[in-house]
Every structure is written in C-alpha cells, then in structure tokens.
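User: Please take a close look at how the helices pack against one another towards the end of this chain. Which pairs meet, and how?

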Amino acid sequence: MGPRGYTVRAMTNASRHRLAAILAADVVGYSRLISADEAATLAAMRAHRAELWDPTTEAFGGRLVGTAGDSRLVEFPSAVAAVECAAVIQRAMLERNAAVPEDRRIRLRIGVNLGEVVVDGEDIHGDGVNVAARLEGEAEADGICISDDVMRQVRGRLDLAFVDGGTHRLKNIDRAVSLWRWREGGDGAEDGARPRGEAEAPATDSAFAALLAAITRPTIAVLPFTNMSANPELDFFCDGLTETLITDLSRLSRLAVAARNSSFALKGRALDAREAGAALSVRHLIEGGIQAMGNRIRVNVQLIDTTSGEHLWADRIDRGADDLFSLQDEICNHVLAEVDILISAGETARGRHRGTDNAETRNHLNRSAVEHAIYSPDSLARAQQHTDKAVALDPDYHEAISMAALMRAVRELHGWAGEDEDLLNEALDLANRAVRARPDAGNARGVRGYAYLVAGAYETAISDLVRAVELAPNSGGIRVIYARALLAVGRIDDAYDQILQAVRIQPNVFSFSLIVLGVVCLVGGRTANALATFAKCRDLDMPEQRYGPWLAAAHVAGGDLARAREIVANVLEVHPNLTASDVAKPYPMTDDGHRRRLVSLLEEAGLPPGREDQARAS
C-alpha cells in the first residue's frame, strides 16, 4: 500500500519514469461522517463524484489513477491544469455545501505536486505521488497545498492567491519541501496569477466553470449489424452499413464516435448493452439486424442507453433489394437524423413531429436538422431544400413551415443567401404562416422571433420570444434565440441569464449555444468566462473556424495578444478571406459601442476589417 492507502501494484518490466502533475485529495473527517450516517455520506459522495469531481477532472484532462475510500489520486498533463481543476472543485464544493448542516458537509483537502513518477501499466507511484499525498495532509479544509515546483509553474498563469507556507519536513520524505497554501477567501500574500506590476488574469467563477466542465460530447458506438438471413452475401451489406454509419456519425462534431476497429472487435460476441457500453466506453449504442425475404430486405435498428439498458428509439425499414447501395444510403440518412436529434435534444425530441403522420415529411425534417447542425453555407442550403420538400408534402404542418422559415433566416443572418435575394421576406412570410397554423406552438413563435431579429425588428422579436419561452420553457434552442435578441437591444445581463439556462437545459446542443454564451460574456465584460467558453468549444472538437476568431478576441480582452494572433493565423490559413465584420455579422446590436467593441477585439487579434467597417473608419 502507498501513502494514505493507495493501491500500488508490483512493478513490471513495462515500468517507466516520467514527469507528472499529481493531485491527491481526501475528505476531511470522513470516518466521523461515516460513523454518524453511513448511507447519507456514501450517497453524498456518489453525487459529488458524478456531478462535479469526475466531469471537472475530465474537463481539465485529468486521469483518475487511484482511489481508496475517501481519497482520490489524479494525474494531469500540466501543473496549471491540476491546480485550476482543484480550485474549481473547491469553489464549487463551497456552493454545494452552503445549504448543508456544517456537521454533514463533505469538505476536501487537496495537495498538488509536480515530480517524477513510475508508470506501471495504468498505475503510477514513486516520489512524485508520495509528496502529493503528504501535501494534501498539509492543506486546510476546503483548501489546496502545492509544492514549490508547482508554484513556479502556475505563478503568472492563474488568478489564485497562495500563501507561503514555509519549508517542511514531510513524513517519509527524505528532503525538506517548500509549500504554498490557498483557500477561497483566505488572505493571500503571494499573487499566484501574475508577478506584481502586470495585469491580473481574469478569474472564472466556480459555478460557471462547473457548468462548462459538465458539458461533454455524447459518446456512441455502432455495433456491427447482424445478418439474420441465410444469405452469406448480406454479410458484406451488414459490414458496409455499419462502416458508413460510423463515418457519417463522425461528421457531427457534437458526437464522439467509437472507432471502427473497436466496434468490429465485438463482432460475433454475445454482450448485453451494458457490457458493450463498458467495453467501448460509450453512453449510447446503435445495433441492428438485417433479414432477407425474397427480393425484399428488412432492417431493424435501435438506439440504446448503455447505463440503463433503455431503448431510446427503434425502427424497422422494409425496402426492395434492387439497389443495395441506395438502400444503404437511405438507412444511414434515416438513422443518422434520428440518433443525432435524440441525443442532442434529449427529452424535447421525444414529442416532436406529433403533428404529422407523413413519414417522408419527418424524414426530410430530420435530415434538415442534421445539415443545420453541420452549420456551413452549403449544409444550410441543403437543410433549406429538405424543409421545402417537407412543406410541399405536408403544407399545413406548422413544424415543417417553421423550419423552412428558420433555415432562410439563418442563411440571411450570416450573409449566406447566395443567389436567393428574397430570403428574409420568405422567412417572415413562412414564420407568420406557421404561427397562424399553430398559435400555441412555442417553436413557431420562437422562429418568428428569430426572423424578426434578423429583420431588425428587435422589440417585436422579443415579444414573440417571451411568449415562446412561456409555451416551451424546456427548449434550449428558443432560449438561445431569446438571448440573442436581448443582446441586440443591450440587455446584457438578461441575455446572460437566458443563455445560461439554455446551456443547462440542453448542454449537448453546444455548437450553437456555447458560441452565443461566449459572445454574451465578451460583450458583458465577463472575459474569463468568455475565454473558458471558447476554450470549451476547442476541447469539444468544434471546427476551429466557428470558435477560433472568438477565442482570439477573448485572448485580446484578457491581455494575451500573442496567443490571439496565433489562433487567427491558423484560421486565416483555411479561410483567407474571413473578416472581422463577417464574424460579428450574426450578432446585430442597437448599441454601436457594443458592436464596435467586438469588431475591435477581432481586428486587434489579426482579422482584417470588412468593407462596412473600413468605410465607417474612414
């Protein structure tokens, strides 16, 4: 057993040494808490792990390498990541404990060290681990204790005030260790963020950091489809369908898809959903089987939650077998749309399309939603084509009419109309038609509000959006639009509240909501939150051209011009004609000062001004 009871396996020939940042944590008074109420203490620990500790650790790149009762040992890629993670957790724990009786609070001590460790398979041990464990014992309740080596790494990079704790002889450590202590609200003698005389780095509040940390890319795997017929030639069709689904799902940046080799490694193995999910480390599974009946093929497919075993969606597709490639494309498009919407929209997706019995209408709307999520000029043009086909098939269906209006409004807002010169009027006409068809539909009202926003009728847009939120309070998408309208009229704090609610309601629709959240933070002077939001976009593997210019603008606001220009240079290599005006265009504002602030930050980051801003400057 290592320090504080961490399990240490015997060293093998595969053992190797490396430098690592190690975080060690334990619960203050754990034995007393267990003795007083074991069930309640264990339940609270499970909740803290699932809701805060594990997602925050993962968000900062940490790898859990040891547990022992109340203790945790985590390896991080850098000392900065380890200390920032520790501070986010400690601040969030203070908030979580605020309403808990003092004698029942789960309070942590955390130690962080930077040192050499011995890597043995998945385990680590050695001097670096031992010192981290001893530093944890020196930390105050709700506090962090770090070594001098860690302090040298984080000084000037984090807004945390550490107090010099002096040099100590730690148990079973053969040398004296200089240590530093931090606790929220404590008196700081040393500014761990920057040397005196330099601008202070902006600080992200703990609740906001915890919200971002909880957003992860939904994980999914496609199990090899099963040939349930006697025709061995269909084995090729099954494998081809599986591979195409994996490829198509991988196009969606909001889904993390298990690799083909991992999925096919389970081919032929009899595993239930929970076992397969554990083997592939995914939350969702797609599985299915194929039957042949004469010249017809039946495909059964289902989406499963691997944690509960619940079947979230299932369908059966019967088609002729004359053209297997066309059939494969049709099945993939259908499954891709259903799965993406169910996972990203969550509960709000379950009741969609109740207003139509036309399966082809639903199919076009689902495919439109997938193209919308890709969010490029070409994909939005394709999305509009699908919505128009849905309206042609079902001209009275309010959802199809609303989505046809939305695609036009989005293209107009970004300046992606191409040769369609009358998109805005068409969007307004369709949006009004949708509201007439279904006055009590929140989505119809929300889309009309969006169209009015694009048209510059901001107060009319807000009126519609207030009603839309009342009709559909659990729609994150409507609140995103509402936040944009509030931003347009300068109600920055109200916009901030609405976009935060949108993210909490539907965290998986991050490609839209996170960018709006970051822009609202930037306009409102919440620079640290803006930086954290756009960095989260990067961590979620969002395409860089979508978030990169805004991340650069946030770095300018935070005083890091060199990093900002490095990011913009990367973006301009791929999109050489991009201008600051192009990036800011989707965020219209009545207050020209707010707009100019955004454009100035983008230009200072290295983006050239657009024609409009050049003319204004001259």
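Analyst: **Helices α13 to α16**

Helices α15 and α16 are roughly antiparallel to each other (a term for angles over 145 degrees; under 35 is roughly parallel, 65 to 115 roughly perpendicular, the rest oblique), because they pack at an angle of about 160°. This is a predicted model, in which local features need pLDDT of at least 70 and side-chain atom pairs pLDDT 80 or more, while totals for chains, interfaces and linings use all residues. Residues are numbered from 1 along each chain as its sequence is written, and side-chain values use heavy atoms, without hydrogens or water.

Helix α15 covers residues 442–455 and helix α16 residues 458–471 (helices are DSSP runs of H or I, at least four residues, numbered from the N terminus). Their axes lie 8 Å apart (lines fitted to C-alpha atoms over the stretch in contact, with angles from 0 to 180 degrees between N-to-C directions). The two helices cross in a left-handed way (the near helix is turned anticlockwise from the far one by less than a right angle). On the α15 side, the contact (heavy atoms within 4.5 Å) involves Gly442, Arg445, Gly446, Arg448, Gly449, Tyr452 and Leu453. Facing them in α16 are Tyr458, Thr460, Ala461, Asp464, Leu465, Arg467, Ala468 and Leu471. By class, this contact has seven nonpolar, four polar and four charged residues (Ala, Val, Leu, Ile, Met, Phe, Trp, Tyr, Cys and Pro are nonpolar, Asp, Glu, Lys and Arg charged, the others, with Gly, polar).

The next pair is α13 (residues 398–414) and α14 (residues 423–437), which pack at about 155° with axes 8 Å apart. The angle therefore makes α13 roughly antiparallel to α14. Where α13 passes α14, the crossing is left-handed. From α13 the contact takes His398, Ile401, Ser402, Ala404, Ala405, Arg408, Ala409, Arg411 and Glu412. From α14 it takes Leu423, Leu424, Glu426, Ala427, Leu430, Ala431, Arg433, Ala434 and Ala437. Eleven of the residues in the contact of α13 with α14 are nonpolar, two are polar and five are charged.

A further pair links these helices: α13 also packs with α15, their axes coming within 9 Å and crossing at roughly 25°. α13 and α15 are therefore roughly parallel to each other, and their crossing is left-handed. α13 contributes Glu399, Ser402, Met403, Ala405, Leu406, Ala409, Val410, Glu412 and Leu413 to this contact. α15 contributes Asn443, Ala444, Val447, Tyr450, Ala451 and Val454. The contact of α13 with α15 holds eleven nonpolar, two polar and two charged residues.

Some residues of α13 take part in two of these contacts. Ser402, Ala405, Ala409 and Glu412 are among the residues that meet α14, and Ser402, Ala405, Ala409 and Glu412 are also among those that meet α15.

To put the pairs together: α13 runs roughly antiparallel to α14, α13 and α15 are roughly parallel, and α15 and α16 are roughly antiparallel.
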